[in-house]
Amino acid sequence: MTDSTATTTDLDIRLEKHRTELTGYCYRMLGSSFEAEDAVQDTMVRAWRSYDKFEGRSSLRSWLYRIATNVCLDMLTAGNKRARPMDLTESTPLAQAALSPRPDHTWLEPMPDNRILPTVEDPADAAVAKETVRLAFMAALQQLPPKQRAVLILREVLAWKASEVAELLDTSVASVNSALQRARATLAEREEHGADAAVSDPLDEEQQKLLERYVKAFEGYDMTALTALLHEDAIMTMPPFDLWLTGHDDITGFMTTLGSACEGSRLVPVQVNGLPGFAQYKPDPEKGGYSPWAVQVLEISDGRLTGFHFFLDTQRWFPLFDLPLHLEGEADEVKEGR
């Protein structure tokens, strides 16, 4: 191996060490799983090509964050803000429910924990990382102008000093502090009480039992049991459709009418956006077995389910979560094989 090859390999290894945390940063900035991964890949390519100009005045990590921030800000110049259905429309009564899709770029997208949450030793740091990729927090971030978004993430999530952020953004400490103050005020106005703040990390025994009861109720399509698990103001969303429902009566009513094809589904656990979730497979009458239907993200508060969100574009989400596109038999076979 030549010195040049060894140097290139060493740089690749050093860059790759930062991929997961950079993906988490870009995901918080962009709200899109695939755009975040594209942004990180662009960051790595730019860093590799310009490494000979890196003078070492900052750490390699800081330099990568500078590149990643610029990539994200460039991607956000169009002003696109990703959202959840309840950020765009009013809740629809079941009697008026209609499935109207919107383009992919409209929606806040789910992300597997293992792609955005690096392993950290401090449980407090791990909890903060999970809290700041949850759907409610991500949706609030999307309401901030891009530079305020970057400041808030760098200061509040990653715990950078104001001086470090100022250097990264080529601005003053006073400007950083002002942007942070405005960002905090915007988030405070949008604070959603009880959405998912009560999810423990890791899940406590009560929450684990709640999930077990949910799986039993959903797979058995037992609406009475499911109703007992839902908060009276629970929310159900189904991107790419802009329809969203609130209240257990409308939710279970939908599941037994427009959503009745989900009866007999199987659920496989996934870790998504710092929250418990499931890959849902529904019976496939043509091929037999089960076909992908949704990645479910669940929100828990005060011992009840307050929200469950069905991301339906399975051709995109199931490969992202390394999930098979067909089940021959019981979901347990997947659990054992993964």
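**View 1: two loops worth a close look.** Helices (H or I, at least four residues) and strands (E, at least two) are DSSP runs, counted from the N terminus. This is a predicted model, where local features need pLDDT of at least 70, side-chain atom pairs count only at pLDDT 80 or more, and totals for chains, interfaces and linings use all residues. Numbering starts at 1 along each chain as its sequence is written, and side-chain values use heavy atoms, leaving out hydrogens and water. In the loop between H9 and H10 sits Ala159, a non-glycine residue with a positive phi, near 60°. The other loop lies between S1 and S2 and holds Pro240. Pro239 and Pro240 are joined by a cis peptide bond, with omega about 15°. For background, most residues other than glycine have a negative phi, and most peptide bonds are trans.

**View 2: the open sheet.** Reading across, the six strands go S2-S1-S6-S5-S4-S3, with mixed pairing; two strands pair if DSSP finds at least two bridges between them. S2 (241-246) and S3 (266-272) are the edge strands, each with a single partner, so one side of each has no neighbour in the sheet. On average, neighbouring strands here are turned by 20° against each other, direction ignored.

**View 3: strand partners around S6 and S1.** S5 (residues 290-301) and S6 (residues 304-311) run antiparallel, joined by seven bridges. Leu298 has Phe308 of S6 as its bridge partner. S6 also pairs with S1, this time parallel, through four bridges, and here Met236 stands opposite Phe308. S1 and S2 go antiparallel over four bridges, with Ile235 partnered by Thr246 in S2. These two strands make a hairpin, with two residues between them.

**View 4: helices H12 and H14 against the sheet.** H12 (residues 205-219) packs on the sheet and touches S3, S4 (275-283), S5 and S6, where contact means heavy atoms within 4.5 Å. The direction of H12 makes about 145° with that of S5; axes are lines fitted to C-alpha atoms, for helices over the stretch in contact, and angles run from 0 to 180 degrees between N-to-C directions. H14 (residues 248-255) packs on the sheet too, touching S1 (230-238), S2 and S6. For H14 and S1, the angle between directions is about 45°.

**View 5: the cavities.** There are two cavities of 30 Å³ or more. A cavity is a set of points on a 1 Å grid where a 1.4 Å probe fits but cannot get out, and lining residues have an atom within 4 Å of a point. The largest holds about 70 Å³ of space. Its lining includes Asp104, Glu109, Asp313, Arg316 and Trp317, and by class it has seven nonpolar, no polar and four charged residues. The second largest holds about 40 Å³. Among the residues lining that one are Ala83, Arg84, Pro85, Leu135, Thr237 and His309; its classes come to seven nonpolar, two polar and one charged. Trp107, Leu108, Pro239 and Phe311 turn up in both linings.

**View 6: Tyr65 meets Trp160.** The whole structure has eleven aromatic pairs, counted when ring centres lie within 6.5 Å (Trp by its six-membered ring). Tyr65 and Trp160 form an edge-to-face pair, 5.3 Å centre to centre with 70° between the planes; edge-to-face takes planes over 60 degrees apart. This pair links distant parts of the chain, 95 residues apart. Tyr65 belongs to H4 (residues 60-75), while Trp160 is in the loop between H9 (146-157) and H10 (162-169). That is also the loop where Ala159 lies.

Terms used:
1 Å grid on protein atoms, 1.4 Å probe; cavity = no way out; pocket = protein on both sides within 12 Å on 5 of 7 lines; lining within 4 Å. Points joined across faces, edges and corners; volume = space filled by probe spheres on them. Nonpolar A, V, L, I, M, F, W, Y, C, P; charged D, E, K, R; others polar. Phe/Tyr/Trp six-rings, centres within 6.5 Å; stacked < 30°, edge-to-face > 60°.
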